[in-house]
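Here is a short note to help you find your way around this structure. Have the model open beside you and take the points in order.

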Amino acid sequence: MPEYECTSVMREFLHELPKCEHHVHLEGTLEPDLLYPLALRNNVTLPNQFPKTVEELEKRYVMFRDLQDFLDFYYIGCEVLLQEEDFFDLAWAYFKRAHAQGLRHAEVFFDPQSHTPRGVAIETVVAGFKRACQKALDELQVTSKLIMCLLRHLPVEECKATLESSRVLFETQQLHGLGLDSAEQPFPPELFTECYELARQFHPDVKLTAHAGEEGSAKYVSNALDLLQVTRIDHGVRSVEDPELVARLARDKTMLTICPLSSLKLQVVKDISDLPLTQLLEAGVPFSINSDDPAYFGGYILDNYVAVQKKFNWDAATWAKVARQAIEGSWCDGKRKDELLTMLAAVVDKYSALI
Ligand code: HPA
Ligand SMILES: [Zn+2]
């Protein structure tokens, strides 16, 4: 596949764009060089067949057969996280790295059910993450929201119990949103209708999203909209298989959180140029560009922007539009959106004569 040059001035422009991330799993930011020290610190024995060194693990991460092949590594990685400090260290490392790539606002996922079976309380996980979010605000001026995800491969009753145990966290808006992740097939959205109803009962302003249309069909996307009443779709790249669905997403301004390097590494697409970004732009479906599990897929948010640029060769106006849609589709308040839009206008102004 042909690749365009991402010039140094274009890279600077992409770096300076005030970027919002809506699709990043904090557990997916566990870099190999943190995984092994945490295993040591917590006396965790990794499975026998698991790579023994950072270098070996990085080599294994070069490509995954599919989503499940990746998830098998992701859940083993989760095993080294035990103490509040571990969750803090993990999230703080993410905020620092993403901020260095021009991140201004992040809506971050976490999977409590990948920790609770080891006896780690949800409150411990959230306390560590919240402390990192506060530090990111104080020291980096990065705003953030926490989104709790349910693991769709687990029994629905377990998911409901997990939700119930986090009721107060939702009621007090320490958690802002609910998501759905893990193996998409054969676990369609409709299994979780009652879970999403419950979350809406917890707080009237709770935000709802779900992974759909990554490996699953366009029907997974429309069912997530109809039955879970989500207002955002994570991945959703297969939505384009249904023209009526595309028209609906455009009409309702439902944002898709696209993850280019993830879709490449999980072989959802053969090449980043196969992502339907041109079609979505033409149809008026808003999307943001995100890192998903950057420690596993080889890149943080700017790396994903650059990977898109090398395949789509967009002009500054198109990038400004994509960045604006990401700001407008964020779940932060109006004041923060206005700040981000002002930053965006300044960057576009600075680079308009250069690109
Ligand atoms: O990309 C993903 N898809 C589904 N589940 C996940 N859990 C972490 N990352 C992912
Ligand atoms: Zn994801």
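1. A definition to begin with: two residues are in contact if their C-beta atoms, placed from the backbone, lie within 7 Å. Among the contacts in the protein with a separation of 6 or more, 77% are between residues 24 or more positions apart.

2. Some housekeeping. This is a predicted model, where local features need pLDDT of at least 70, side-chain atom pairs count only at pLDDT 80 or more, and totals for chains, interfaces and linings use all residues. Residues are numbered from 1 along each chain as its sequence is written, while chains are lettered from A and ligands numbered from 1 in the order in which they are written.

3. Now the overall form. The radius of gyration, taken over C-alpha atoms, is 19 Å, which agrees with the value near 20 Å for a compact globule of 355 residues (the rule is 2.2 Å times the number of residues to the power 0.38). Buried residues, those with 20 or more other C-beta atoms within 10 Å of their own (exposed means 12 or fewer, partly exposed in between, with C-beta atoms placed from the backbone), make up 47% of the protein.

4. On secondary structure, you will find 17 helices and 8 strands, defined as DSSP runs numbered from the N terminus (helices H or I, at least four residues; strands E, at least two).

5. Helix α7 (residues 156–165) is a nice one to look at. Its buried residues are Cys-159, Thr-162 and Leu-163. Seen down the axis, they fall within an arc of 100 degrees, so they line one face of the helix (the arc is that of the directions from the helix axis to the C-beta atoms). Glu-157 and Glu-164 are exposed on the face turned away from that buried side. The cover over the buried residues includes β3 (143–151) and α9 (193–202).

6. What surrounds ligand 1? The residues around it, with a C-beta atom, placed from the backbone, within 6 Å, include His-25, Asp-181, Ser-182, His-211 and Asp-293.

7. Please check the loop between β4 (177–181) and α9, which holds Pro-186 and Ser-182. Most residues other than glycine have a negative phi, and most peptide bonds are trans. Gln-185 and Pro-186 are joined by a cis peptide bond, with omega about 5 degrees. Ser-182 has a positive phi of about 80 degrees and is buried, with 20 other C-beta atoms within 10 Å.

8. Asn-43, in the loop between α2 (32–41) and α3 (54–60), also has a positive phi, near 60 degrees. Is Asn-43 buried or exposed? Asn-43 is exposed, with 8 other C-beta atoms within 10 Å.
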